[in-house]
Structures are given as structure tokens and as C-alpha cells.
Amino acid sequence: MAIAASTFLHPLHLITLPKSPYLSCKFQFRPQFYVSPARFRSSFTTRASSAVAVEPDIGIQQDQATEVDFFACPICYEPLIRKGPSGLNLSAIYRSGFKCKRCNKSYSSKDIYLDLTVTAGLRNYTEVSPARTELFRSPLVSFLYERGWRQNFAQSGFPGPDEEFKMAQEYFKPATGGLLVDVSCGSGLFSRKFAKAGTYSGVIALDFSENMLRQCYDFIKQDNTLSANNLALVRADVSRLPFSSGSVDAVHAGAALHCWPSPSNAIAEITRILRSGGVFVGTTFLRHTPSTPWIVRPLRERILQGYSYLTEEEIEDVCTSCGLTNYSSKVQRSFIMFSAQKP
Ligand SMILES: C[S@@+](CC[C@H](N)C(=O)[O-])C[C@H]1O[C@@H](n2cnc3c(N)ncnc32)[C@H](O)[C@@H]1O
């Protein structure tokens, strides 16, 4: 009961709503973080870019370079060909076009994020995801998320963003200097912290919710201390991650597993994209813990039916069955932070 309340409800009367562009009008992208492509030379370009000749048919300026990118097609996982300024920053990605040579499908930025869902660009098809995914696509929930909603998680034992970030950074030590993907980043609470830490060559803030990504952009824009270099916003489904196998050093998924349509498919995908030695760190709400009175358990199971609240044993089971090793976890009431590594 406590989990359901603290996760999905919020005492609205306690919140004074600041003015938000998302609640009333269409979002407009105004690139503010332009950085010369020459300034961006990190592990991505050395690892993933090699100049290749491709047809200049992805609808962007002729004078721009064409190269193999670190993003991959969500349909076939072939690395995408990018035409436009290179680099992992909002402006360069916004001004680039991406194409899968195998599927012949093009991808581009919508508003401020790069849409790498399988359904990107479809006109006649709409897909409705499970309620726990749809809930976070709402502009209101996206707006409220860092304005009270997430703070409620403390009631279930979440230590709070600063402490959770510190704990995650400990687990991520083997991935220092690499590419981190913040899967189901929401409004970018942790993506911003990872980007600011300066311990990664790049941070990709990835979520399925368009409005969460818009909110994320807004927070980035407001924060003068946050350089948007090495930070990208991507829309994707955790069950279909747009990266080549073995191309990512670290995956973070804060308070997310219980929202995923299929935690096992998601963890299989995360395992696929991690390189050998790469680290996965996640947090979620547990269905119950050893201290949950046995009499309350059936009631909680019933209330939480339809959500992916797992037990600690189930989380470890899924991680190890996907081939991850060195599983470890920290539990505080219903909060769990777990970590596992790709062998
Ligand atoms: C509770 S929020 C977590 C936000 C943030 N990571 C945190 O720690 O506070 C859960 C997020 O999972 C995202 N999500 C739900 N289904 C998803 C899916 N299929 N693929 C990717 N993200 C998804 C939602 O859009 C939402 O932003």
C-alpha cells in the first residue's frame, strides 16, 4: 500500500505550480549549447566513427560530414550513419540526420530529443503502452516529477537523489571515463548529476516519455553549471535500446524497473549493450522485504498486480539469467539499489 501511494500519488495541495511551457503551449527548440564539432573528440569518435561514403539522402546540409555513429538502429541494431556535425551534444545531434543503411529508415530530432523508437516517423500507427509507461508520458506528471512527486519516494526508503547518486558512482567506478546511458531518465535528475560529475566521456539521457525529455531539456537549459557537451537526449524503449551490442560502459536505471513493461526484456537489452566489464546499476521499489509482515503480503501482492514490483530474489534471478555477474544490492525498507556486471 505504501509503495502504491508514494509512487503514483502526490498531495497536490502541497505544491505551488510554477508556470510551465509544457502545460499550455507547444515546445520550441532553441539551440543554446552549440559547440564546434572540432571541440568534441572523445572515445566515441575514436571508437565508433570511421568516415564512410553514403548517399547524401538524409535531408541535411551538403557540407557536413558523414560517419558511422554510436547510435544504432532500434530495428536491426546496425550502427546508424550520421550526416551532420559530430559529437554528443544537444546542438550537434539536433542538426544531424541519422539513417540505417540496412533498414533504409531515417531518424531525426523531434523538438529537442532524437527519436530512436521503432515507431519514430510513423503516421498511421499509434501504440498504447501499459499504464505504468503511459502515466509518465503525461505533461502534468512530467512537470510534477521533480517538484514533489519524486520526493515522496523517501517514505518507501529511497535515500534521496544526492545519496543515491553517490551510491551509484561507487558501483560505476569500473566504468569511469566511458559512455553512460541513463535509461528511463525521467526529467534527467540523475543524467544531470552524471554529466556534471565529469567522470564520463558522455551521458545519454534516455526515456520513452516525450514530456519527460522536454522537461529534462528545460532543466538543462536553466542550469548554468551544466555544460550540455557530452549530453544527449534520446527517446527510446528500454526493450529496444538503440545501441550496438557491447558499446556502452555503464547503464543507470533509477526508480524505473517497476515501470517497465517487461523487466526481463529490459535487463536482457541492457546486458546486450554493455561491453565486457560494463556495469548496470538500478533502483526500484521491492514488492516486499523480509521485514514485511506475512499477513500484509497477500494484500500488497494484490494491490501491486499489474506493476512490475519484484522481490530482491527475482531481481537477482533476472540479472543472473541474463548473464550478468557480481550481483550486489543495498536495501532500505522497500528501496533497493542493485548492481551487476557484464562478464
Ligand atoms: C519513476 S520514473 C524514474 C525517473 C528517474 N530515473 C528517477 O530516478 O527518478 C520512471 C521512468 O520510466 C520511464 N519508462 C516507462 N516505461 C518505459 C519504457 N518502456 N522505456 C523507457 N522508459 C520507460 C518513464 O517514462 C519514467 O520517466
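Modeller: A polar contact is a pair of N or O atoms within 3.5 Å, and within protein one atom must be able to donate a hydrogen and the other to accept it, with residues adjacent in sequence counting only if both atoms are side-chain atoms. This is a predicted model, in which local features need pLDDT of at least 70 and side-chain atom pairs count only at pLDDT 80 or more, while totals for chains, interfaces and linings use all residues. Residues are numbered from 1 along each chain as its sequence is written, and side-chain values use heavy atoms, with hydrogens and water left out.

Biologist: What makes the pair between Thr-133 and the ligand a polar contact?

Modeller: A polar side-chain atom of Thr-133 lies 2.9 Å from a nitrogen atom of the ligand, which is within the 3.5 Å limit, so the pair counts. An N or O atom in the side chain of Ser-184 is 2.8 Å from a ligand nitrogen, and Gly-254 places a backbone N or O atom 2.8 Å from a nitrogen atom of the ligand. The protein covers 99% of the 600 Å² of accessible area that the ligand has on its own (Shrake-Rupley method, 1.4 Å probe).

Biologist: Which residues surround the ligand most closely, and of what classes is the shell made?

Modeller: The ligand is surrounded by 19 residues (a heavy atom within 4 Å), the closest being Tyr-145, Arg-150, Ser-184, Asp-207 and Gly-254. The shell divides into 11 nonpolar, 5 polar and 3 charged residues, with Gly counted as polar.

Biologist: Why is the space taken by the ligand called a pocket?

Modeller: On a 1 Å grid over the protein atoms alone, a pocket is an open set of points with protein on both sides within 12 Å along at least five of seven lines. The ligand takes the space of the largest pocket, which means that more than half of its atoms lie within 2 Å of the grid points.

Biologist: What lines the largest pocket?

Modeller: There are 37 lining residues, with Thr-133, Ser-184, Asp-207, Phe-208 and Trp-260 nearest the centre. Helix H5 (131-134) and helix H8 (189-197) are the elements that give two or more residues to this lining. By class, the lining has 17 nonpolar, 12 polar and 8 charged residues.

Biologist: What is the volume of the second largest pocket, and which residues lie closest to its centre?

Modeller: The second largest pocket has a volume of about 360 Å³, and of its 19 lining residues, Asp-115, Thr-117, Thr-119, Ala-120 and Arg-235 are closest to the centre.

Conventions
1 Å grid on protein atoms, 1.4 Å probe; cavity = no way out; pocket = protein on both sides within 12 Å on 5 of 7 lines; lining within 4 Å. Helix = DSSP H or I, 4+ residues; strand = E, 2+ residues; numbered from the N terminus. Points joined across faces, edges and corners; volume = space filled by probe spheres on them.
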